[in-house]
Amino acid sequence: MTNSEDRAQRSGSPTRRHIAKFALAAMATTSLISTSVYAQAVDLSKWSPEYVKSIAGTKDFDAAKDCGAVVPNDYAGNVSYWYTGPFEADPQIAHDQDKAFWDAFHAAYPNIKTDVQSITYNELLDKFRTALLGNSAPMVIRLQILGGVEFAAKGYLNPVKPEDYGFTAADFWPGALKSVTYDNTLYGLPTNNETMAFIWNAKVFADAGLDPEAAPKTWDDVVAYSKQIHDKLGISGYGLVAKQNAGNTPFRFMPQLWAYGGGSLDEATANPTYKSVEINNAGSKAALQAAYQMYAVDKSVPVSALTNTQAENQAPFIAGQLGMMIAHPAEYAKMLDLASKATGADKATADAVVANMRYGLMPTGPDGKRAVVFGGSNIHVVKPEFVDGGKVDEQAVKALICMWDSPEWSTRLAWVGSNPGNINGFLTSSMKQRLDTIKFLDVTTSMLPNGIPFPVLPESPEIMNIVIPDMLQNALTGNMTVDQATEDAAKKIETIIGGGGGGI
Amino acid sequence: MSSVQGQAIFRDVPGPAPKQASLGQRMYTSRFDYLYIAPALLVMLIVIAYPVYYTIELSFYKTPASLSLADKTFTGIDNYRTVLTSAIFWKVTWQTIIWTVLSTLFSFLLGLGAALALHRAFIGRALLRGLLLIPWVVSAVAASYVWKWLYHSDFGAIGALLNQIGLTKGPVNFIDNSTTSLYALIVVNVWKEFSFAMIMLMAGLQTVPESLLRAAQVDGASAWQRFWHVTLPQLQGVSTVTILLLVVQNFNSFIIPFIMTGGGPVGSTQIWITHIYELAFLRQNWGVGAAYAVLLFLIMMVLGYFYVRALTRGDDKRAGA
């Protein structure tokens, strides 16, 4: 492992100026251990769309200067980094912000060489797994929110302390930190966080005799609205998603399940232990029953729900053939994009749908519980023995993470579809600019306090992507009753967390 | 064949049998041959032999998601037992057999029909041949997405067409129905690969001696009799190879089922290869996935043996002639 001090000592015997410089750097570093370079100025207890708007643009940050206090700006070293950056399909602004970051990083740290790979979301995990087996991983990697737990459990990641990078725990959402804590150890820092919200077509609502400006308040309302839309207009009411082997499915179904008081394990509780199976409790059964009611009894959701992911719901929605669905913050931009590509009569329809698109908070369960999947990404440091070359340049790594997770860049790098992992990012002028230009961002952002991370277990992908969709399909197709499907899922989850694997 | 043996064959007067060269001597004689194939052999060892070895090794270990592969625990044949005693495995096996047999059968028959139709010269033959090749050259991923929308249970073009001509009322559920989904996917697979059979059989038809067909015609054989008694037996070799290749391809066909249905609804389109992928890469159950993959590998080896036999049929005879 190398650091700036090692390099300086090797370059020759220390002069008095060197010693003074090191003393100052040491003092600065020591002070940072106990305090963040960013004073906490966000009050999470006041969180609402209005509060989000009121604090945006109230404070400026200088990432290069702030990070210079963590790692001197003249530090010479190198860092390798893998992440999912913007690709062809992403809007230009995402590319611009990505380029601007790397320009800013190289300007702030001209002597740090970067070896950066942008890898697609679908390839990143497999490529990282392979690289770890061959000890050729990068020093730093950014993974989707629960992508890191598998690697933390297997001992590939270095534990981290926010203070080492110029932050404190208060700079991040508690839920986000929970999602990156395994076995009571923090093994990464949140870079961006987002929660979904609910969108509906106001014209469809009006035509079906519903209040066009009000989202369904509860999930029971969703079931009733969906039926009303289908019965009156002959189109699908709610965009149910239930594809097998698809991560998309739990993202849409778990909010409903949690709202009814269910869970896969106890992830929806304040202090989850991930030891008790809740998939067969009354709340989970009620949520599954509601989905069954819409699919099999009322037939008010797309028949194609069994093979649909959210992407397949976008076309019917923009065509005015779907009343409402759970949506990502970027869904509005996607709809604008789809509308811009429509031609002829389709164009008029698509434009009308965009004009009639409304965003609202997620519906609640019968007891008023509102829930949504806490999404986003975390940045991790890989242990030296698994890194290409066997060394991690600790100082360069710190510089990169400090810059990436600074209030300004944490906001700008999440421009299109997410929110800053660093809460102070909500104070920046970039956040204000986003709120001014991205419609409904205040609504999707205000769902953040309701965010629940999936269980922080290495087995979580199997539970969420396999067991939950299987349970849904078993019930929706009538292959099993709701009770049987939840009991079957419970058995599978028990086996999985018991270390027996999920069978085949 | 070594030069020593070559001399023995062409010697006019039988003499004392030549002394058999030792293995070392023969290897030394062929040292340059080994040198020439060394790079290819090295590449094969790295990209084929090692992964095969590692998969076999993994299949004897338990690999929980919370442990790195370096910490895997030896469990003997437990993974094989888990696979072979699972009801899901046998359900998936049956689906794999249906998928493979029907895909191969219909691809071959359609390909044969197309090859016979295109064997005769007619105006536009080249154009038609090019058109029929399109499914084969189109990316399987793109084709899967297109077919997914054609089949779409709410807005599918096929359902709309059937509706319009009065054959059905309302949208038709092809792939969101666990009883029809596998067959709907087989149609896509057949569409995708019949062109391959067509090309192979068209090449085979070029080798049917024209003289035999003319002789049969002179003897008064009908078109069907000429096809059945002359053309088809002449196509036996290429047909065997084509069928074997189709079987191998279908057994390993991943893209269409995975993209179109993800193995659903309720596992009705799950076949071996998608199931192995799910176990290994989505559930991180490497050990069981590896055991499953070894079973698939063994079947592929058997098919490979027959394929090589079909390809080399008659080689010994020709070498001896």
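## Two domains in chain A

A salt bridge is taken here as a side-chain nitrogen of Lys or Arg within 4 Å of a carboxyl oxygen of Asp or Glu, and by that rule 0 salt bridges are found across the interface of domain 1 of chain A and domain 2 of chain A. The structure is a predicted model, and its chain A is assigned a domain 1 made of 4-13 + 24-195 + 374-452 and a domain 2 made of 197-371 + 459-500. The C-alpha centres of these domains of chain A are 31 Å apart.

Contact between the two involves 14 residues of domain 1 of chain A and 21 residues of domain 2 of chain A, and the area buried between them is about 1,600 Å², with carbon and sulfur atoms giving 72% of it. On the side of domain 1 of chain A, the residues that lose the most area to domain 2 of chain A are Phe440(A), Met447(A) and Ile452(A), which together account for 36% of what that side buries. The domain 1 side of chain A that touches domain 2 has 6 nonpolar, 5 polar and 3 charged residues. Although no salt bridge is found across this interface, the rule for polar contacts does find 1 residue pair there, both at pLDDT 80 or more.

## The interface of chain B and chain A

Between the chains, 42 residues of chain B are in contact with 37 residues of chain A, and the buried area is about 3,000 Å², of which 55% is given by carbon and sulfur atoms. Asp176(B), Val266(B) and Arg283(B) supply 20% of the area that chain B buries against chain A, more than any other three residues. Arg283(B) also takes part in a salt bridge, its side chain meeting that of Glu462(A) at 2.8 Å, N to O, and the rule finds 2 salt bridges in this interface.

Polar contacts between chain B and chain A number 13 residue pairs, both at pLDDT 80 or more. On the side of chain B that touches chain A, the elements giving two or more residues are α4 (78-84), α5 (87-119), α7 (140-151), α13, α14 and α15 (286-312) of chain B, and the largest share, 5 residues, comes from α14(B). By class, that side of chain B divides into 20 nonpolar, 16 polar and 6 charged residues.

## A loop of chain B

Thr261(B) belongs to the loop between α13 (255-260) and α14 (272-282) of chain B. Thr261(B) counts as buried because its relative accessible area is 0%, where buried means under 20%. Leaving aside residues up to four places away in sequence, Thr261(B) touches Lys243(A), Gln244(A) and Thr307(A) as well as Ile175(B), Leu185(B) and Thr269(B). With Thr269(B) there is a polar contact of 2.6 Å between the side chains.

Pro265(B) is also placed in the loop between α13 and α14 of chain B, and the peptide bond leading to Pro265(B) from Gly264(B) is cis, with omega near -10°.

## Backbone exceptions in chain A

Most residues other than glycine have a negative phi, and most peptide bonds are trans. Asp183(A), though not a glycine, has a positive phi of about 55°; Asp183(A) is in the loop between β4 (181-182) and β5 (185-186) of chain A and counts as exposed, at 62% relative accessibility.

Lys299(A), likewise not a glycine, has a positive phi of about 50°. Lys299(A) lies in the loop between α12 (282-297) and α13 (310-318) of chain A, and with a relative accessible area of 53% Lys299(A) is exposed.

Key:
Residues are numbered from 1 along each chain as its sequence is written. Chains are lettered from A and ligands numbered from 1 in the order in which they are written. This is a predicted model: local features need pLDDT of at least 70, side-chain atom pairs count only at pLDDT 80 or more; totals for chains, interfaces and linings use all residues. Side-chain values use heavy atoms; hydrogens and water are left out. Domain bounds come from an automatic or database domain assignment. Contact means heavy atoms within 4.5 Å. Buried area is the accessible area (1.4 Å probe) that two parts lose on being put together, summed over both. A polar contact is a pair of N or O atoms within 3.5 Å; within protein, one must be able to donate a hydrogen and the other to accept it, and residues adjacent in sequence count only if both atoms are side-chain atoms. Ala, Val, Leu, Ile, Met, Phe, Trp, Tyr, Cys and Pro count as nonpolar, Asp, Glu, Lys and Arg as charged, and the others, Gly among them, as polar. Helices (H or I, at least four residues) and strands (E, at least two) are DSSP runs, numbered from the N terminus. Buried means under 20% relative accessible area, exposed over 50%, partly exposed in between (1.4 Å probe, protein chains only).
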